[in-house]
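Let's take a friendly walk through a protein model together. Keep the sequence and the 3D view open, and look for each part as it comes up.

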Amino acid sequence: MDDERVFLEMVAELFSLWSKKTWQIHCVMSADQALEVLRTQKIDLVVVDVNMPVLDGLQLLRILNRRYPDIKKAVITALASEEKRADCLANGAELFIEKPRSADGLKSVFAMLNELIAWTPREGFHGVLRRVGLQDVIQMECLGRNSSVLEVHNTQVRGRIYIEDGRIVHAAVGNDTGEIAFQKLLALSSGEFHLQPFELPPQRTIDGQWEFLLMEAARVRDEVASNPPATAPDDELEKIISAPPEKEPPQILETLICSLQGATLYTANCPNFNSRVTLLRQITLQVEELDKALPLGDFERLELQLPDHHVIAQIKPDRMVFVRVAEEKVKNPKAGRK
């Protein structure tokens, strides 16, 4: 739906050509025409412009979200802004795209829309899990080698985390990108997150092991939690994220993720699987005994510091995690005295 007839005719012709005439395209110039087509035709995808006369694209999205929740929805607009993006995504749009100015730009739009049409929810059980955190969702997406975009927001901030083939490749919140943005989003104490179909990130700002990224984000979150909100403003968060600057990022030597029954979910450089599972089960039993004697709250993780590496163990309701990390190295150590 767009109020520019020339643009509609050009898009219809090019998209029909690029889809090898497998798309049946309906072009309308108003919301009432769009609703009439939806009433009489089986539609898989609706693409709307925001700035429309009488009933604008955002109002139409709200109607579509109520009447046709299963239809996929995308927004294309020449006047893109973060506020409009947030409003459209909050009202059911899966994609928010700035209107292209060239045929090559239109081809990129076609590729994104084609991917959106092809995307279908995974088969299996669907439902809502309580106490599933943002870190758990990211871990599951990475373990499954999935590609998705994670929308994260609360009343103050809104950001995105891009996961491609199980790798975290980009994050953005406000003016920040990369690992700083990723850690800021995971440091939020409350908010909402939504998994969206994958789209190419505007840039690739993260290139590291997702296990380390989550561990580092956990460190930042713990540091932020130890400071009252009044003494942990955004600039203080920047200091926490960047500390300690004098050390290299730790190298992950070994990773094991298994079910509570010991079934393998993910391994990397794990030479002795059985002994690691036995250790995790022993930790689980000890945690249960300790919880009975001293109800101290939820068990987050156990860290063991050894001479040249340290070990991190986590016990989750549905899995156990074992990570062995090399000791951090000091950057540019000063030469000794002669």
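Phe 15 is buried, with a relative accessible area of 6%. Here buried means under 20% relative accessible area, exposed means over 50%, and partly exposed is in between (1.4 Å probe, protein chains only). Before going on, note that this is a predicted model, in which local features need pLDDT of at least 70, side-chain atom pairs count only at pLDDT 80 or more, and totals for chains, interfaces and linings use all residues. Residues are numbered from 1 along each chain as its sequence is written, and side-chain values use heavy atoms, with hydrogens and water left out.

**Aromatic neighbours**

Which residues form one aromatic cluster with Phe 15? They are Trp 18, Trp 23 and Phe 110. Rings of Phe, Tyr and Trp (its six-membered ring) pair if their centres lie within 6.5 Å; planes under 30 degrees apart count as stacked, over 60 as edge-to-face and the rest as tilted. The whole structure holds 5 aromatic pairs, including these two:

| Pair | Centre to centre | Between the planes | Type |
|---|---|---|---|
| Phe 15 and Trp 18 | 6.1 Å | 40° | tilted |
| Phe 15 and Phe 110 | 5.5 Å | 55° | tilted |

Phe 15 and Trp 18 are 3 residues apart in helix 1 (residues 5–18), so about one helical turn separates them. Helices (H or I, at least four residues) and strands (E, at least two) are DSSP runs, numbered from the N terminus. Trp 18 is partly exposed, at 22% relative accessible area, whereas Phe 110 counts as buried at 8%. The pair of Phe 15 and Phe 110 links distant parts of the chain: Phe 110 sits in helix 5 (residues 103–118), 95 residues away from Phe 15.

**The nonpolar cores**

A nonpolar core is a set of buried Ala, Val, Leu, Ile, Met, Phe, Trp, Tyr and Cys residues joined through side-chain atoms within 4.5 Å. The largest one has 29 residues, and among those touching the most other members are Ile 138, Leu 150 and Phe 182. Several elements each supply at least two residues of this core, including helix 6 (134–143), strand 4 (148–153) and helix 7 (178–186). Helix 8 gives the largest share, 6 residues. A second, separate core of 20 residues includes Ala 31, Leu 60, Ile 71 and Val 75.

Phe 182 lies in helix 7 and is buried, with a relative accessible area of 0%. Contact means heavy atoms within 4.5 Å. Leaving aside neighbours within four places in sequence, Phe 182 is in contact with residues including Ile 138, Ile 161 and Leu 214.

**An open sheet**

Where do the strands line up? An open sheet is formed by 5 strands in the order 10-9-13-12-11, with antiparallel pairing. Two strands pair if DSSP finds at least two bridges between them. Strand 10 (264–268) and strand 11 (302–305) are the edge strands, each pairing on one side only. Strand 11 is joined to strand 12 (residues 309–315) by 4 bridges, and His 310 in strand 12 is the bridge partner of Gln 305.

**How confident is the model?**

pLDDT is the predictor's confidence in each residue, from 0 to 100. The protein chain has a mean pLDDT of 76, and 81% of its residues reach 70 or more. Confidence is highest in strand 6, at 92, and lowest in helix 9 (residues 234–242), at a mean of 54. Over residues 330–338 pLDDT stays under 50.
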